[in-house]
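I opened my notebook to look up a few loop residues, one at a time, and to write down what I found for each.

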Amino acid sequence: MKLSGFTLPALAATTLLTVAGTAFAAKTLVYCSEGSPEGFNPQYYTTGTTFDAVSVPMFNRLVEFDLGTTNVIPGLAESWVAAPDGLSYTFKLRKGVKFHTTPKFTPTRDFNADDVLFSYNRMADPAHPMAKTTPGTTYAYFDDMDMKNIVERVEKVDAMTVKFVLKKPEAPFMANMAMDFASILSAEYADRMKAAGTPEVIDREPVGTGPFTFGSYQKDAVIRYKAFDAYWGGRPKIDNLVFAITTDASVRYAKLKTGECHVMAFPKPADVALMKTDPNITLVQQNGLNVGYIAFNVEKKPFDNKQVRQALNMAVNKKAILDSVFQGAGQVAKNPIPATLWSYNDKVTDYAYDPAKAKALLATAGYPNGTEVELWYLPVTRPYNPDGKRMAELIQADWEKIGVKTKLLTFEWGEYRKRSKTGEQHAMMFGWSGDNGDPDNFFVPLLGCSAVKGGGNVARWCNKDFENAVQKAKGVTKQAERAVLYERAQVIAKEEAPWITIAHSVRFDPVRKEVIGYKMDATAHHYFNKVDMVEK
C-alpha cells in the first residue's frame, strides 16, 4: 500500500528518523542509503552498500586512503617499512586506540598486535577456531584476491609491531591493505563471545575502532550509529548518524528536498538538472572509478560458446543505454577499467552495434533460430548503474532483434549477491567501483581465476593467458612494465567476451546545504566522520 508516493514502512522509518525542531540539537545526520547491508562483518562482503554501512563508519584498517584520493596514509599503523626484496612489510601500530563498548562487551585493553593476527588469520586459516562462525558465508574478497597465495604468514614482532611475510613480491600489496576486507576486528571480543558459546555475535553486532559505534538495525528500514567519543582520529562533529534505507531513488530525492535526509545515495540522472538549481542542495560530482557490465556465466549454455557471447555484445546498443539510462552522465565502456585508470588500453576495438552481423554470428555458433536466456538485473541503484530494470528492458529488446528471447529476473540485493556467488545466474548485470586505484583491483577480483571460488567473478571465466598476464603484473615493480601486461589482458578480455562492458558513469552526491565539510570519496564510499551540520 502506498500513500503520496511513500510506502508505509518508509513513512514509519522517516517518522522515527526526524523530530521537527530537534534535529540539530543533537546534530543528527540522516543519510538516505540505497539498500540494506548484506551483514555486519566487512570480511565477508565485496559491495559498496555493505561497506558504507559497516567498514566505513565502524572499522579501521592498518592503512587507509586519504579521503578523495587513493593515496595510502597511516591508519591503525603509524608507519611501515617494506623489505628491499619486497617480501615483507613491518607495521608499527598506533598506541592508545580504543575498541567500542557494547551492551555485551567492554574491552579491557587497547588495540594491539593480537587483533591484527586474529583479523587476518581468521580469513587465512580454515582451521582457525573462529573461521566459520556464521554458516553460508565466505571471506569473499580474501578469496577473490587470492590472498592465501600472496601472504605466507603474519608475525607478532612485539605487542605493537606486526610483520607480513609474503610468498612473492606483490606490487599492489599496500593498496590492498587499505581495502575494506582488511578491517581490524577485536580479538578480545571474539574470545569473549566464543567463551559465551555465541561466536556468531561478532558478525552480527560489530565492534571496531572506527568513528561511530553500532546502535541498532531495523532490517530494510534503518541503521543507527552514535559518535564514538574515544575515537583515535578525533570524535565526529555529528552526534548521531542514521541510515534511512530507501531503495527508490525518487523517494530518496523527495526526502532530501524536504530535509528528511541530508545526504542521498545515487540520484536518478534525470533528476540531476533539478538538483543543480535547488538552493537547498549542493551537488558534488566526479568521474567514477567504475564500470557497469553484463557478465555471461560461461559454465552455462549458450554462454559457454565465445561466438554467442560476441554476438550478444554486437546486439546491444550501448549509446541508447547511455542516453536513456545514464542520461549522458558517463561514457560507453569498452574495457573492464575506466579510461582514468593507468594502463587503460585505448587501442582495443569494441564490438560495434550491428544486429545483422550479430544474428549471422549466432547462426554460425549453432543457433540459427535464436535461443532463450535469462538476464538478472540489479534490484538497487548503484554508482555504476542508476536503473538496472530499465537497462535490462533495453537489452531485452536488443536481443529480441536477433532472435534471443530474454527472461528478466531479479532478487533482493543480499539474495542477488548470495545466489551469484554459487553460479546460479545465467547472464547477470553487475558492476564495480574501484577500491584502491590499482588496475589489479578490477582484473583479479572480477575476472581472475581465484575469484570464481570467491564469487566476485560472476562470469565464472578462467582464461590461462589472461590469468598469466595479470598475475605477472602483480609481481612487477615498475608501473610501465605492469601497464604492458594489463594492456594485453584487456585485449584478451575483449576477444573472449565474458562481459558486455556497458558504461563508466559520472558519480553524483546530493548534499543539503546545512551539511558542511562533506567530501566525495574516490572509491564511491560515503564518509561522515569529518562533516558538521549548521542551522540554515
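In which loop is Lys530 found? I kept in mind that the model is predicted, and I located Lys530 in the loop that runs between strand 21 (515-516) and strand 22 (532-533).

Next I looked up what surrounds Lys530. Once its neighbours within four places in sequence are left aside, Lys530 is in contact with Gly233, Lys237 and Gly517. I noted the pair with Gly233 in particular: the two residues are 297 residues apart along the chain, and their C-alpha atoms are separated by 9.9 Å. I then checked accessibility, and Lys530 counts as exposed because its relative accessible area is 52%, where the cut-off for exposed is over 50%.

My second entry concerns backbone angles. I looked up Asp220, in the loop between strand 10 (212-218) and strand 11 (222-227), and found its phi near 65 degrees, a positive value in a residue other than glycine. Asp220 has a relative accessibility of 41%, so I entered it as partly exposed.

Ala497 also went into this entry, since its phi is near 55 degrees, again positive in a residue that is not glycine. I placed Ala497 in the loop between helix 19 (479-496) and strand 20 (499-512). Is Ala497 buried or exposed? I wrote down buried, because its relative accessible area is 1% and buried means under 20%.

My last entry is on a peptide bond. Lys301 and Pro302 are joined by a cis peptide bond, with omega at about 0 degrees, and I found Pro302 in the loop between strand 15 (290-296) and helix 11 (306-314).

Methods:
Residues numbered from 1 in each chain as written. Predicted model: local features only at pLDDT ≥ 70, side-chain atom pairs only at ≥ 80, totals over all residues. Heavy atoms only, no water. Helix = DSSP H or I, 4+ residues; strand = E, 2+ residues; numbered from the N terminus. Buried < 20%, exposed > 50% of the residue type's maximum accessible area, 1.4 Å probe, protein only. Contact = heavy atoms within 4.5 Å.
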